[in-house]
Amino acid sequence: MGESINSGVLAKWHVKDGDIVKKDQPLFELETDKITSEGTAEAAGKISLKVAAGAEVKIGQVVAGIDSDAAGAAAAPAAPSASATPASLSAPASGTAPQSPAVRRLASETGIDPASVSGSGKAGRVTKGDMIEAQSKPAAAAAPAVTSATPAAPAAPAKAAAPSGERQTRRKMSPLRQKIAQRLVAAQHEAAMLTTFNEVDMSAVMALRAKYQDDFVKKNGLKLGFMSFFTKAVVHALKEVPAINAQLDGDHIVENNYYDVGVAVSTEKGLMVPVIRNCDELGMAGIERAIGDAAKRARDGKITLADLEGGVFTITNGGIFGSMLSTPIINPPQSAILGLHAINERPVAVNGQVVIRPMMYLALSYDHRLVDGKEAVTFLVKVKQAIEDPARLVIGI
Amino acid sequence: MSSQSFDLIVIGAGPGGYVCAFRAQQLGLKVALVDKRSTLGGTCLNVGCIPSKALLHSSEHVTFAKSHAAEHGLKLGSVEVDLGVMMKKKDAVVAKLVGGVGQLAKARKITIVTGAASFLSANTVAVKGEKETTELTAKNIVIATGSAPVELPFMKFDGTTVVSSDHAIAFDKVPAKLVVVGGGAIGLELGSVWARLGSDVTVVEFLPKIIATYDEDIVRNFTRLLTKQGLKIEVGAKVTGLKKAGKDTVLTAEREGKVLEFPADKVLVAVGRRPYTDGLGLEKAGVKLDEKKRVKVDAHLKTSTPGIWAIGDVVAGPMLAHKAEEDGAAVAEWIAGKAGHVNWDLVPAIVYTEPEVASVGLGEDAAKAKGLAINVGKFNFAANARAIAADAADGYVKIIADAKTDKILGAQILGHNAGELISEIVTHMEYGGSAEDLGRTIHAHPTMSEAIKEAGLAVSKSAIHAL
């Protein structure tokens with residue numbers, strides 16, 4: 001399921017018009033549906049900006065010209081030069097699906113992104129009929145935004161007009177936020193999603209961390225967290241219940257025989273799910289390091305599309321914000337997502353005695369089209385058992 | 001008897017068979033291509049589509065010289081036709097094309113075996129040539145034996161008075177009176193040729209209309225145009241036989257109990273074609289036929305015997321060269337383990353008269369009969385600049401689109417070069433295009449193709465050059 005990216009917002013210029021730039025110097029920040037990336041100078045010289053910050057730009061569009069004759073001569077008046085090298089955007093994603101003219105018209109009139117519509121045409125192309133169909137769906141019906149640009153009423157008396165700037169502010173959704181919104185809604189519409197819950201006693205994992213933390217830090221230079229345990233427990237459970245590690249593609253079921261697990265990371269710009277590759281082959285330290293790296297890059301806006309693609313399962317941790325219980329939404333085309341929550345001390349019954357234990361609720365949302373209740377529950381129980389008794393991971397039961 | 005073994009044997013070197021052989025060779029298979037004729041190309045190239053098109057083209061010049069040259073200021077005097085020269089030109093066209101296919105086959109190192117093929121078993125075929133019989137074996141065999149003209153049991157072909165299309169492309173003189181039995185594409189094309197060359201042509205059709213699969217309005221307008229050209233068209237008439245009246249031959253027919261008589265020098269029987277499996281020995285290979293004597297195949301053109309496939313006219317579906325070609329390419333791909341593809345819902349069909357009639361997909365009448373909600377857009381060539389400048393203002397384009405999704409369901413075109421014009425609609429349809437898509441695609445001006453764009457716009461009542 002390739003994402004198509006053909007435009008973005010040139011969020012910010014790092015240079016001013018007329019600046020002398022060096023080759024490969026970062027020039028601007030480009031925000032697309034998925035990621036924020038940097039554009040660099042293709043040559044050294046004096047730059048002339050052709051696009052204002054905040055403008056929507058097409059991939060491949062020339063956003064600035066660089067007069068390479070002026071390199072190193074800051075004061076020299078820049079004469080138009082034949083050797084001016086255009087700085088252009090290079091597409092972060094490979095080819096985009098061509099659209100028919102009627103589809104393009106409907107996309108611009110309704111605001112429905114053809115990329116979010118499932119196509120019935122040749123090789124999955126979106127047809128006009130698909131766009132009309134998408135318009136009649138409730139999710140898409142909300143898409144045409146009422147713009148405030150042209151007030152319907154003639155200028156009202158100044159006093160009557162609410163000082164809207166104070167009580168409300170209005171800004172355009174970023175492409176990233178729009179994409180998140182679309183995908184969440186699409187997931188809820190397409191999948192037969194439901195959630196099963198369990199709880200897990202964290203005593204054993206906490207004891208292991210307390211016991212080995214110092215040695216772990218000494219050896220690896222990073223801390224042993226909970227995520228490595230949960231990731232390992234998930235891989236273990238995926239192997240036991242392969243249906244969870246499968247996805248629907250049309251009327252086919254695709255079973256994945258690899259274990260690339262997405263770990264949701266909250267960033268200023270929204271939720272991102274970088275994928276940790278081959279979790280079955282990584283050790284605890286390897287997983288901790290991979291998650292740490294991905295989270296840092298996500299927060300720094302340095303993540304690439306490739307980092308976000310190809311996961312077979314997702315773990316999301318609402319617990320870091322204090323959530324006790326929630327129902328996560330599947331990240332399509334994956335078939336399930338595990339939600340972790342806050343660890344709270346609670347009285348529980350163990351061997352007929354009430355004892356206080358650090359407990360966490362677990363939630364597994366799954367696509368019932370593909371996964372049966374028995375499989376989902378078994379999977380979650382496997383995760384619970386592995387966390388409560390990590391020795392199971394070593395022994396493989 | 002010599003014996004050779006191949007990956008694939010294709011029986012029949014018509015457009016289906018030779019394309020299948022060429023594609024299979026491209027995909028790395030060792031291929032034998034068998035045909036009774038010493039030239040490749042089958043009916044289409046030798047005695048069908050191609051010679052008839054050459055004659056249609058030549059005879060159009062005759063019509064122009066006789067009837068239209070003067071309006072262009074050309075003073076030609078009296079126009080005479082040298083039929084021998086015209087036939088030689090036709091033969092040269094055929095020779096060039098069959099020669100070209102032969103050269104391609106040779107360059108591709110395909111083994112050509114000339115003779116009549118007959119199955120000995122599911123993987124062995126005997127080919128009886130002039131001098132010797134060759135035995136060929138292969139794991140996969142494709143039956144591409146095509147079709148032959150249907151004969152009327154009470155009026156068998158004699159090659160002189162009662163003729164098939166095979167003969168009607170090679171008369172040695174222009175018959176004074178030609179009666180064509182059957183108002184389909186073949187009968188109307190050859191009827192047009194001889195009418196232009198001076199024959200008094202009567203077309204006798206059993207059904208209530210000619211080219212019966214087309215929409216009522218298209219047929220009505222087409223019939224009117226043909227009649228204007230001098231063809232006499234008799235529909236709803238059942239041919240009953242041939243009789244002698246003195247030294248003349250008379251074709252008899254019957255309509256609503258009334259006897260009709262058509263004096264004829266020659267009678268062209270063009271009532272259809274039958275799948276050709278004569279002498280193939282299909283029973284020895286266990287290949288079954290359907291109720292209409294066509295080779296029975298599944299959705300992948302596999303016959304009832306594993307390893308034996310059938311394509312083109314010999315299986316169910318329209319008997320058209322381009323459909324056979326697609327069948328052939330797909331089968332070669334399937335045999336080679338690739339993903340072959342034929343969209344049998346989108347086979348265009350063309351009648352190469354003047355004007356031509358072309359269609360693809362569902363007609364308006366068929367869509368209505370199915371109870372579909374449709375919008376129809378029409379645009380007349382009389383409002384198209386290029387058509388007017390080129391004396392081709394007869395006819396119109398009609399587009400049938402789904403009322404809700406605007407998806408193009410079909411199209412019919414009556415007009416000069418309709419066969420060339422239909423292609424872009426087929427392409428749009430192949431990609432699930434809507435009528436609006438046609439209307440929003442740039443068409444060069446001035447061209448007749450603008451009528452397609454306008455008809456696309458007319459579906460939503462927004463044609464620019466029509467009200």
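Let me start with what packs over helix H6 of chain B: the cover on its buried residues includes helix H3 (49–68), helix H5 (165–168), strands E9, E10 and E15, and strand E18 (349–351), each of chain B. Before going further, note that this is a predicted model.

How many residues of H6(B) are buried? It is 12 of 12, so the helix is mostly covered. Going along the helix, the buried residues are B:Ala185, B:Ile186, B:Gly187, B:Leu188, B:Glu189, B:Leu190, B:Gly191, B:Ser192, B:Val193, B:Trp194, B:Ala195 and B:Arg196. Charged residues are on that list too, B:Glu189 and B:Arg196 among them.

The length of H6(B) can be checked. At 1.5 Å a residue, its 12 residues should span 16 Å, and the C-alpha atoms at its ends are 16 Å apart, which agrees. After the helix comes B:Gly198, which has a positive phi, near 120°.

Now the sheet under that helix. H6 (residues 185–196) lies across E9, E10 (200–204) and E15 of chain B, and runs at about 165° to E10(B). Those strands belong to an open sheet of 5 strands in chain B, in the order E8-E15-E9-E10-E11, with parallel pairing. At its edges are E8 (162–163) and E11 (232–234) of chain B, each of which pairs on one side only. Inside the sheet, E9 (residues 177–181) and E15 (residues 266–269) of chain B make a parallel pair over 4 bridges. One residue to look up there is B:Val181, whose bridge partner in E15(B) is B:Val269.

Next, the other sheet I want to show in chain B. It is also open, with 5 strands in the order E18-E19-E22-E21-E20, and here the pairing is antiparallel. Why do E18 and E20 (374–380) of chain B each have a side without a neighbour in the sheet? They stand at the edges and have a single partner strand each, so one side of each is left free of a neighbouring strand in the sheet. On average, neighbouring strands of this sheet are turned by 10° against each other, direction ignored.

Within the antiparallel sheet, E19 (residues 356–361) and E22 (residues 408–415) of chain B pair over 6 bridges. B:Ala358 has B:Ile413 as its bridge partner in E22(B). This sheet has a helix across it as well: H12 (residues 418–430) of chain B lies over E18, E19 and E22 of chain B, at about 10° to E19(B). E18 of chain B therefore turns up twice, as part of the cover on H6(B) and as an edge strand here.

On to the nonpolar cores. As background, nonpolar side chains in soluble globular proteins tend to be buried together. The largest nonpolar core has 137 residues, and the members that touch the most others are B:Ile9, B:Val10, B:Cys20 and B:Val142. Another core lies apart from it, with 54 residues, including A:Val205, A:Met284, A:Ile287 and A:Val383. What does B:Val10 touch, beyond residues up to four places away in sequence? The list is B:Gly17, B:Cys20, B:Ala21, B:Val31, B:Leu33, B:Val34, B:Val142 and B:Ala144.

A single residue in chain B, as an example: B:Leu45, in helix H2 (residues 42–47). It has 27 C-beta neighbours inside 10 Å, and 20 are enough, so B:Leu45 counts as buried. Setting aside neighbours within four places in sequence, B:Leu45 is in contact with B:Ile50, B:Val94, B:Leu97, B:Val98 and B:Val101. B:Leu45 and B:Gly14 are 31 residues apart in sequence, and their C-alpha atoms are 7.6 Å apart.

Now chain A. It has 11 helices and 19 strands. Of its 397 residues, 32% are buried. For contacts in chain A between residues at least 6 apart in sequence, 62% join residues at least 24 apart.

Two strand pairs in chain A share strand E1. E1 (residues 7–13) pairs with E6 (residues 56–58) of chain A in the antiparallel sense over 3 bridges, and A:Ser7 has A:Lys58 as its partner in E6(A). E1(A) also pairs with E3 (residues 26–32) of chain A, again antiparallel, over 5 bridges. There, A:Trp13 stands opposite A:Phe28 in E3(A).

Last, the interface: 14 residues of chain B are in contact with 11 residues of chain A. Which classes make up the chain B side? There are 8 charged, 5 polar and 1 nonpolar.

Methods. Residues numbered from 1 in each chain as written. Chains lettered and ligands numbered in written order. Predicted model: local features only at pLDDT ≥ 70, side-chain atom pairs only at ≥ 80, totals over all residues. Pairing = 2+ DSSP bridges. Contact = placed C-beta atoms within 7 Å. Axes fitted to C-alpha atoms, helices over the stretch in contact; angles between N-to-C directions. Expected span 1.5 Å × (residues − 1). Core = buried A, V, L, I, M, F, W, Y, C linked by C-beta atoms within 7 Å.
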